[in-house]
There are 2 protein chains.
Amino acid sequence: MKDIGFITPRTRFCVLIGNPVGHSLSPAIHNAAFAATGQDFVYLACPVEDVANALAGMRALGNFRGMSITIPHKIEAMKYVDEIAAVDRAIGSINTVICEEGKLIGSGTDGPGALKALVDAGVDLAAKKVLILGCGGAARAIAFTLAQRCTLAEMIMLDINQTLLEDLTADLRAGTACPISHAALNAETIAAAMARAEVIIQCTPIGMHPKVDVSLVPAELFRPGQVAFDVVYNPLETRFLREAKAAGVQTISGVEMFINQAVLQFELFTGVDAPCAVMRQVVMEQLCA
Amino acid sequence: MKDIGFITPRTRFCVLIGNPVGHSLSPAIHNAAFAATGQDFVYLACPVEDVANALAGMRALGNFRGMSITIPHKIEAMKYVDEIAAVDRAIGSINTVICEEGKLIGSGTDGPGALKALVDAGVDLAAKKVLILGCGGAARAIAFTLAQRCTLAEMIMLDINQTLLEDLTADLRAGTACPISHAALNAETIAAAMARAEVIIQCTPIGMHPKVDVSLVPAELFRPGQVAFDVVYNPLETRFLREAKAAGVQTISGVEMFINQAVLQFELFTGVDAPCAVMRQVVMEQLCA
């Protein structure tokens, strides 16, 4: 018999909202982390269409402490919170909301999670040239975080979608002091960017399960000394990462960003240090199951 | 380490709303019942002031299956649900809401819980004269349920509050076929009602902790063959029940109504038979702790 006798009238709870949520790893990760740290919290998942009322309910229901927000609500949720940091406004999406005495505070942990993954891997970003492949939601979060928090030598943006590319470039130039260059993504611009980039961050869905045998970057463009980071975490090692590793490049899997965005979320929910090893183990067990 | 690894993205949840909720037994009762029956549910408590948005949130958050409603929200909650049975409209309060495919259905289990406590104790109400002491919320729920479901010979209503007394009497006469008599509660009317009543239901807070040494009914008015039922469950045996028992009267504690309202709620939440013995044990453990 499962033991849920620990729940009292003071137990707080966090909820994932999105649609669909049926395959989310978040309940497993956060509940394991709550248990490991003795935090009196429970984490549940809710398929949601009506974001406004999901957030109105969060405000009204005492003990409803935190919310994780996933696709397709990361942009709309911004409308219904009371406070958002300037960087998250610039990014244009949030994945976390906490309720502080009835006030809803939104933030994003995807960008900081990616930065933490790089730092934890020993990558020093100071004065580095960073190539960002793709200009979608993940790219926006990572590009803004790195452009604001690291003194990069240059950030190179590539995308096939000219509108996304120009919008993100303009926003980065308006909102940060980082030198930005950009170009339409094609064989020539990738080759030119790879020739000077020291850190390459793959922010497109290319290489994700089930179409795993594709990569934006020709294998011969990698060179030792580079760092290759892929936001895709299914599979754990994409073709992009496999070919980078074979060329002697340091690689970081998207799972590190995924774990770290949850780690930072946990710390916002509870105010205590996250049990990173426990959270990593749960993710790995679920992904390898 | 507590085990909350059983929670998945499909786990449903129920919540108590009220103010305050800090001493509620409901999380302990319902979580034990979910565990005992293998139902993939969790039960939490939420202090709430904004009832409208608590219910709006329930509608928006998928997997939010059920709500228990306690003081002071049992009346106001009726405004925000989509369906209420006629009997609950007449009673004028609800203590339960379930969400069926986005539709909120309100109901009351206090009256049916009291009736089940009487039936479980072997009391046959057919053609009986029933005295109801008090005309507040509990009295309304019990009086309507008994007047509608049992063919009583007579229901006698007593209260010191003339407005409550006349309103409930009028509502019962309008909404049921049960013969109703009523009188202002005083020494003479209690004596007269006790002389003919076969079942006495004490629906006022008199005798509740901490003022335990008071009773509305003088001990000498009890006589063998009567049934005495007190809605107060703290203490488990009120002075009213103690004196009734000493006079050879069959007694039923308010804890039976409390357990049975939770049993009926559990069945609305889950659709499966409640584990009554488990729920009783949890209540007794908590009340005797």
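**Reading sheets, helices and domains in a two-chain model**

Colleague: Let's begin with one pair. In β8(A), which residue is the bridge partner of Ile132(A)?

Modeller: Met157(A) is the bridge partner of Ile132(A) in β8(A). Keep in mind that this is a predicted model. To read a sheet, go from one pair to the two strands. Here β7 (residues 129-133) and β8 (residues 154-159) of chain A run parallel, joined by five bridges.

Colleague: And the next step out: in what order do the six strands of the open sheet in chain A come?

Modeller: The order is β9-β8-β7-β10-β11-β12, and the pairing is parallel. Next, look for the ends. In chain A these are β9 (180-184) and β12 (250-252); each has a single partner strand, so one side of each has no neighbour in the sheet. From one strand to the next, the twist averages 15 degrees.

Colleague: Then come the helices. Which strands of chain A does helix α6 lie across?

Modeller: Ask what the helix lies on, then how it points. Helix α6 (residues 162-175) of chain A lies across β8 and β9 of that chain, and runs at about 175 degrees to β9(A).

Colleague: Let me try chain B. How many strands form its open sheet?

Modeller: Six strands, in the order β9-β8-β7-β10-β11-β12 of chain B, with parallel pairing. Its edge strands, pairing on one side only, are β9 (180-184) and β12 (250-252) of chain B. The twist from strand to strand averages 15 degrees. As for helices, α4 (residues 110-120) of chain B packs on this sheet and touches β10 (199-202), β11 (227-230) and β12 of chain B, making about 145 degrees with the direction of β11(B). Helix α6 (residues 162-175) of chain B packs on the sheet too, where it touches β8 and β9 of chain B; its direction is at about 175 degrees to β9(B).

Colleague: Why is β7(B) described as largely enclosed?

Modeller: Count the buried residues. Four of the five in β7(B) are buried, so the rest of the structure largely encloses this strand. Now follow the chain onwards: it goes from β7(B) through helix α5 (residues 137-149) of chain B to β8(B), a right-handed β-α-β crossover.

Colleague: Which residues pair up along β7(B) and β8(B)?

Modeller: Among them, Lys129(B) has Glu154(B) as its bridge partner in β8(B), and Leu133(B) has Leu158(B). Leu133(B) also has a bridge partner in β10(B), namely Gln202(B). The pairing of β7(B) with β10(B) is parallel, over four bridges.

Colleague: What about a helix such as α2 of chain B: mostly covered or mostly open?

Modeller: Mostly covered. Counting residues works here too: seven of the ten in α2 (residues 51-60) of chain B are buried, among them Val51(B), Leu55(B) and Met58(B). Then check what does the covering. That includes β2 (41-47) and α2 (51-60) of chain A, along with β1 (12-18), β3 (64-69), β5 (96-100) and β6 (103-107) of chain B.

Colleague: Last one, on domains. How far apart are the C-alpha centres of domain 1 and domain 2 of chain A?

Modeller: They lie 27 Å apart. Check the bounds before anything else: domain 1 of chain A is 4-108 + 257-288, and domain 2 is 111-252. Then look at the join. There, 13 residues of domain 1 contact 16 residues of domain 2 in chain A. The buried area between these two domains is about 1,300 Å², with 76% from carbon and sulfur atoms. Of the area that domain 1 of chain A buries against domain 2, Ile91(A), Met257(A) and Asn260(A) supply 45%, more than any other three residues.

Terms used
Residues numbered from 1 in each chain as written. Chains lettered and ligands numbered in written order. Predicted model: local features only at pLDDT ≥ 70, side-chain atom pairs only at ≥ 80, totals over all residues. Heavy atoms only, no water. Pairing = 2+ DSSP bridges. Axes fitted to C-alpha atoms, helices over the stretch in contact; angles between N-to-C directions. Contact = heavy atoms within 4.5 Å. Buried < 20%, exposed > 50% of the residue type's maximum accessible area, 1.4 Å probe, protein only. Right-handed = clockwise from strand over helix to strand, strands pointing away. Domains from an automatic or database assignment. Buried area = accessible area lost by both parts, 1.4 Å probe.
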